[in-house]
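Subject: Structure handover

Hello,

Here is the structure I said I would pass on. My notes on it follow below.

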Amino acid sequence: MRKSPYIFLLIPLLSFTALGNDICQILSGAKIIAQDDKNTYLGRLANSYDSDSILNEYGTYGGEYNALSVFNEYGEFGSEYNQYSATNSYSSEPPMIIKDRKIIGYLSANKSVQSSISPSLVKALCAGEL
């Protein structure tokens, strides 16, 4: 009996999908709060139909043209140059991910920030999961 070489490619993919589901469940309902002087509310992690969700492309917090969106590359919280931005790969003050009144991590493209996840990864993993 000959085994298919493709099964070895499928196993890591399945475990990555399971890990992605776990991440989305942990993040579900969490609020995104900027570390600026006002602790600006930047939305929450919820399904794409929720008006406060950062995954809602047409909403205040998920739209690419809204000032409060982490996906607005020209806005304060989505610019690759702003110190409070989730997409600045050098930011030491990215938005906090808060759930049950505790900081559970940071929304950041900076790989040096501990307990962080990039906004693009959250979008890729959780867009259809929450």
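Two strands are taken to pair if DSSP finds at least two bridges between them. With that in hand, S3 and S4 form a hairpin with 2 residues between them. Aspartate 100 sits in the turn of that hairpin and has a positive phi of about 55 degrees. Please keep in mind throughout that the model is predicted.

Overall layout

The chain has 2 helices and 5 strands, and along the sequence they follow the pattern α-β-β-β-β-β-α. Of the 130 residues in the chain, 38% are buried. Among contacts with a separation of 6 or more, 32% are between residues 24 or more positions apart. The chain exposes about 8,300 Å², with carbon and sulfur atoms supplying 53% of that area.

The sheet

The 5 strands make an open sheet, ordered S2-S1-S3-S4-S5, with mixed pairing. S2 and strand S5 (116-117) are the edge strands, each pairing on one side only.

Going through the pairs for which I have details:

- Strand S1 (residues 31-33) and S3 run antiparallel and are joined by 3 bridges. In this pair isoleucine 33 stands opposite methionine 96 of S3.
- S3 and S4, the two strands of the hairpin, are antiparallel and joined by 4 bridges. Isoleucine 98 has isoleucine 103 in S4 as its bridge partner.
- S4 and S5 pair in the parallel sense over 2 bridges. Here leucine 107 is partnered by isoleucine 117 in S5.

The core

In soluble globular proteins, nonpolar side chains tend to be buried together. The largest nonpolar core in this model has 21 residues. The members that touch the most other members are Ile32, Leu45, Ile54, Val70, Ile97, Leu107 and Val122. H1 and H2 each supply at least two residues of this core, and the largest share, 3 residues, comes from H2.

Leucine 107 is worth following through the model. Besides having isoleucine 117 as its bridge partner, leucine 107 is in contact with Ile32, Ile54, Val70, Ala86, Pro94, Pro95, Ile97, Ile117, Ser118, Pro119 and Val122, leaving aside neighbours within four places in sequence. Ile32, Ile54, Val70, Ile97 and Val122 in that list are also named above among the core members that touch the most others.

The disulfide

What covalent link turns up between cysteines? A search of the whole structure finds 1 disulfide, formed by cysteine 24 and cysteine 126 with their sulfur atoms 2.1 Å apart. The pair ties together parts that are 102 residues apart in sequence, because cysteine 24 lies in helix H1 (residues 7-27) and cysteine 126 in helix H2 (residues 119-126). The torsion about the S-S bond is about -100 degrees, so the disulfide is left-handed. Cysteine 24 and cysteine 126 are both buried.

The salt bridge and asparagine 56

The whole structure also yields 1 salt bridge. It joins arginine 44 to aspartate 50, where the closest N and O atoms are 2.4 Å apart. Arginine 44 has a relative accessible area of 27% and is therefore partly exposed, whereas aspartate 50 is at 17% and so counts as buried; the cut-off for buried is under 20%.

Aspartate 50 appears again among the contacts of asparagine 56. Asparagine 56 lies in the loop between strand S2 (41-44) and strand S3 (96-99). Leaving aside neighbours within four places in sequence, asparagine 56 is in contact with Ser48, Tyr49, Asp50, Ser51, Gly62 and Gly63. At 10% relative accessibility, asparagine 56 counts as buried, although it is a loop residue.

Positive phi in the loops

Besides aspartate 100 in the hairpin turn, two residues are listed here for their backbone. Asparagine 39, in the loop between S1 and S2, has a phi near 50 degrees, a positive value in a residue other than glycine. Its relative accessible area is 44%, so asparagine 39 is partly exposed. Serine 115, in the loop between strand S4 (102-107) and S5, is not a glycine either and has a positive phi of about 60 degrees. Serine 115 is at 54% relative accessibility and therefore counts as exposed.

Regards

Technical notes:
Residues are numbered from 1 along each chain as its sequence is written. This is a predicted model: local features need pLDDT of at least 70, side-chain atom pairs count only at pLDDT 80 or more; totals for chains, interfaces and linings use all residues. Side-chain values use heavy atoms; hydrogens and water are left out. Buried means under 20% relative accessible area, exposed over 50%, partly exposed in between (1.4 Å probe, protein chains only). Contact means heavy atoms within 4.5 Å. A salt bridge is a side-chain nitrogen of Lys or Arg within 4 Å of a carboxyl oxygen of Asp or Glu. A disulfide is a pair of cysteine sulfur atoms within 2.5 Å. Accessible areas come from the Shrake-Rupley method with a 1.4 Å probe; for residues, only the protein chains shown count as cover. A nonpolar core is a set of buried Ala, Val, Leu, Ile, Met, Phe, Trp, Tyr and Cys residues joined through side-chain atoms within 4.5 Å.
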